[in-house]
Amino acid sequence: MIFVNKYIYNIFGTISISIILRMLLLNEYGDTTLDNEWGTLFFNLKHNNILAFRSFDDVLLPTVYMPPLYIYFIYVVDFLIFNEEYLVTTILIIQILLSAVSTYTFYKINLIFFSKKISLISSYIFCFFPLYIYSTLQISSISIQILLSLIFLFFILKIMCGSKNFVTIIALGFISGLSMLLRGEFILIFLFSITYLIYLKLMDFKKLLIIILITIVTISPYLVRNYLNFQKVTITKSFGYNLWKGNNIDSTVEGSESFKAFNSGG
């Protein structure tokens, strides 16, 4: 029992240290404002009640430019704290706490394949990886994306290991829906994963139907909103202008609309 508890104490000790480290780095490396697309989308949603990125003749146009989950996350945080001055700091602190949950989920995934010792070492590398530390201190959806991806993988592996718990099935559908609202292309991962489980005969029709129904229910409000505005059932659009914006030679992580980008030959 003492041997088992040693690893429990170690993983929670590692998580605690990672939280403290990120908190210490918050003032030095953390974002201080809502920049780029995130700021535009959030302020239009908050002050005009519309998820819009662009306007025409001073009329805001509804957008499917980016999946909405991270914007809604910012909106909910702002609603709960009642003080926009502390919004960015609060978001970053929540992301730091979410990174702790991600680390523990990563540890649980490792336990499926490896010993407790190896799982602890890999979790230590994961939570202290420099780019991951930095990403939690930025206004970016990456922290939530990592968390949802790890939880999704954990549930898939539980089913592959023979879990017949309906709570796992329900949670998998809900997490899948949230992941699609965060990254539209996640639908491909979802379809391949479900197809693989069916191919291995690890999921019957009833469970498949439950997962699909819960996923659809989760994303349905946004799908209805897009159908009413664009007469299309879609989560995001990444072609045309959006594709160009993110793939010219002067693009940053958030894309580029600089004069140089518009006049480049790329």
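**View 1. Aromatic pairs in the predicted model, with F12 and Y104 as the example.** Twelve aromatic pairs turn up in a search of the whole structure, which is a predicted model. One of them joins F12 and Y104. Their ring centres lie 5.4 Å apart, and the planes differ by 25°. The pair is stacked, because planes under 30 degrees apart count as such. F12 belongs to helix α1 (residues 2-29), whereas Y104 belongs to helix α4 (residues 87-113). The two parts are 92 residues apart in sequence, so the pair ties distant stretches of the chain together. F12 is partly exposed, at 40% relative accessibility. Y104 is partly exposed too, with a relative accessible area of 30%.

**View 2. The ring cluster of F12, Y104 and Y107.** Ring pairs join these three residues into a cluster. F12 and Y104 supply the stacked pair of the previous view.

**View 3. The tilted pair F126 and Y132.** Here the ring centres are 4.8 Å apart. The planes meet at 35°, so the pair counts as tilted. F126 is buried, at 16% relative accessibility. Y132 is buried as well, with a relative accessible area of 5%. Both values fall under the 20% cut-off for buried residues.

**View 4. A charge over the ring of Y132.** The charged end of R22 sits over this ring. Its distance from the ring centre is 5.2 Å. Y132 thus takes part in two arrangements: the tilted pair with F126 and the placement under the charge of R22.

**View 5. The largest nonpolar core.** This core has 68 residues. Y70, I74, I91, I139 and I144 have the most contacts inside it. Helix α7 (residues 142-160) gives the most to the core, with eleven residues.

**View 6. The surroundings of I139.** I139 is one of the core residues with the most contacts. Neighbours within four places in sequence are left aside here. Beyond them, I139 is in contact with D31, T33, L34, W38, Y70, I74, V88, I91 and L92. Y70, I74 and I91 also appear among the core residues with the most contacts.

**View 7. Packing of helices α7 and α9.** Two packed helices are described by the angle between their axes and the distance between the axes. The axes of α7 and helix α9 (residues 186-199) come within 11 Å. They cross at roughly 10°. That angle makes α7 roughly parallel to α9. From α7, the contact is made by F152, I156, I159 and M160. From α9, the contact is made by F186, I189, F190, S193, Y196 and L197.

Definitions and conventions: Residues numbered from 1 in each chain as written. Predicted model: local features only at pLDDT ≥ 70, side-chain atom pairs only at ≥ 80, totals over all residues. Heavy atoms only, no water. Phe/Tyr/Trp six-rings, centres within 6.5 Å; stacked < 30°, edge-to-face > 60°. Helix = DSSP H or I, 4+ residues; strand = E, 2+ residues; numbered from the N terminus. Buried < 20%, exposed > 50% of the residue type's maximum accessible area, 1.4 Å probe, protein only. Lys NZ or Arg CZ within 6 Å of the ring centre and 35° of its normal. Core = buried A, V, L, I, M, F, W, Y, C linked by side-chain atoms within 4.5 Å. Contact = heavy atoms within 4.5 Å. Axes fitted to C-alpha atoms, helices over the stretch in contact; angles between N-to-C directions. Parallel < 35°, antiparallel > 145°, perpendicular 65-115°, else oblique.
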